[in-house]
Amino acid sequence: MAHVDVDLKNIQEQFSFEGKLKKNVLLIGGIGVVLFVLGAIFLMMGGGHDDHHAAVEHATEVASVHSGDAHGDAHGGGHHAEFHWYDRIIVDVWMSGVFFTGVALLGFFFFALQYVANSGWPTLIMRVMLNFRQFIPVGGVVLLLTFLVGSHTIFHWTHDGIADPNSPAYDAIIAGKTDFLNTKFFLFRMVLFVSVWTFFGFVLNKITKQEDLDMSGTTKYFRKAQRISVAFLIFFGISESITSWDWIMSIDTHWYSTLFGWYILAGWLVTAVAFMSLFVVTLQEMGYLKHVNENHLHDLGKFLFGFSIFWSYLWFSQFLLIYYANIPEETIYFIDRLRSSTYSPLFFTILITNFLFPFFVLMTRDSKRKTLLMKIVAVVVIFGHFLEYALLIIPGTLKENGGFGLTEIGSGLIFLSIFLYLYFTGLSKGGLIPQNHPMIEESVHHHT
């Protein structure tokens, strides 16, 4: 690629969130509300609820029988209360909240990672990464309210008497985890993590704005952002793993996987990169990011391709180890999903959307440099990982009363609309291209 002279002092662009883009974002939310309401009405009328519980082979019970557990289904850590239509609503809100909060967190993580890695190529799209942070506090509040309203629906360990040996609901395994899994400590961790993530986002955003205004050529803001990013990554490394245990793995309270933190990280990260790719392509089609070229898109494509394989590696590693060991309290997690006519189609679908499709489509160099292919793969990967969250959260909370239908799609679209609205609003509050960044020239002339 030929070297192009660029006046770096006049490289700034100002994004404006209005017109067709704003209408489309609101339209997504409107469609989501309609689908969500229709799905809720359908549930109120009895749809989606299997009244023949006896016909359902509860994997928990199967595992209990195999392990000779005298306490039967209580030891599965499952939910045994009467199903109400609003239980599915609560679970759907939790599922969408966890998914989009995680994606926002990992998008911001990717921004901080560029500072720590001293990476120059993505400087032109650093604001695209930074504004993922906008959804983190909103997602945290939604999750907090959902937990306060529906903790008993989502988490079996919150049930009364679960740790009381004199209670008929007593569960010895869950009782052994109450030092960690109790409501006060859970809420403390949730509020602490979301607050600290939000704080780091606020601080790094403030530093980048200060850097834009300082024309002295100093690198002190860049170095300051590096130091803050290092601190964030350390906190992130601890909090992200604990969050994946808290918000997702503790739903199936008896089950655990030592790979789970990495597995969830990989899924959130590849989804965040898919969103980044979509945002870059969309902004370019709107006439922004004029100096971003196919080499930047190629690098995003490589991350999308690589993290898809990373997710697949962790998914298969977790499955293979559990399959090979064949220990009932571990295999129960996959039995619940593989033997269910409701969830097994999702189980195999995500292997196509999250691994096979991005792997074969993005295998060649040219495919990663074509905007149409990148858009298609990004949309498929985002949808595939949303399906994955349905598979992670719904079976453990609703058993055979759950599924993937109107309320799940509707809640996903509503959260997507809020996520996009906050993202583009944040992007419009400041320059789209970092000013006075020491690596801006390297990014302008980036070539792969």
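The radius of gyration used here is taken over C-alpha atoms, and the globule rule it is set against is 2.2 Å times the number of residues to the power 0.38. For the 448 residues of the protein chain, that rule puts a compact globule near 22 Å, and the chain has 23 Å, so the two agree. The structure is a predicted model, in which local features need pLDDT of at least 70 and side-chain atom pairs count only at pLDDT 80 or more, while totals for chains, interfaces and linings use all residues. Residues are numbered from 1 along each chain as its sequence is written, and side-chain values use heavy atoms, with hydrogens and water left out.

The C-alpha trace spans about 75 × 40 × 40 Å along its principal axes. The secondary structure consists of 15 helices and zero strands; helices (H or I, at least four residues) and strands (E, at least two) are DSSP runs, numbered from the N terminus. Buried residues make up 56% of the 448 in the chain, where buried means under 20% relative accessible area, exposed over 50%, and partly exposed in between (1.4 Å probe, protein chains only). The accessible surface comes to about 19100 Å², and 65% of that belongs to carbon and sulfur atoms; these areas come from the Shrake-Rupley method with a 1.4 Å probe, and for residues only the protein chains shown count as cover.

A contact means heavy atoms within 4.5 Å. Of the contacts with a separation of 6 or more, 83% are between residues 24 or more positions apart. The chain carries 27 positive and 35 negative charges, whose mean positions are 14 Å apart. For that count Lys and Arg are positive and Asp and Glu negative, with His and the chain ends not counted; each charge is placed at NZ of Lys, CZ of Arg, CG of Asp or CD of Glu.

Individual residues show how the helices meet. S96 sits in helix α3 (residues 85-116). Its relative accessible area is 0%, so S96 is buried. Apart from neighbours within four places in sequence, S96 is in contact with F386, S411, G412 and F415.

Helix α14 (406-428) follows a loop that begins after α13 (371-398). The 23 residues of α14 should span 33 Å at 1.5 Å a residue, and its end C-alpha atoms are 33 Å apart, which agrees; the expected span is 1.5 Å times one less than the number of residues. G410 lies in α14 and is buried because its relative accessible area is 0%. With neighbours within four places left aside, G410 is in contact with G32, L35 and F36. The C-alpha atoms of G410 and A225 are separated by 38 Å, with their positions 185 residues apart along the chain.

F235 belongs to helix α8 (residues 220-247). Beyond four places in sequence, F235 has contacts with F193, V196, W197 and F200. From F235 to L27, 208 residues apart along the chain, the C-alpha separation is 37 Å.

Helix α9 (residues 260-285) has 26 residues and reaches 38 Å from its first C-alpha to its last, close to the 38 Å expected. Of the 26 residues in α9, 22 are buried.

The next helix is α10 (residues 294-325), which holds F316. F316 has a relative accessible area of 44% and is therefore partly exposed. K302 also lies in α10, and its 38% relative accessibility is why it counts as partly exposed. K302 touches K368 and T448, not counting residues up to four places away in sequence. The C-alpha atoms of K302 and R369 are 9.9 Å apart, with the two residues 67 apart along the chain.

The backbone has several positive phi angles. Most residues other than glycine have a negative phi. Two glycines with positive values follow helices: G287 just after α9, at about 100°, and G430 just after α14, at about 140°. L289 is not a glycine, yet has a positive phi of about 50°. L289 lies in the loop between α9 and α10, and is buried because its relative accessibility is 1%. K399 likewise is not a glycine and has a positive phi of about 50°. K399 lies in the loop between α13 and α14, and with a relative accessible area of 14% it is therefore buried.
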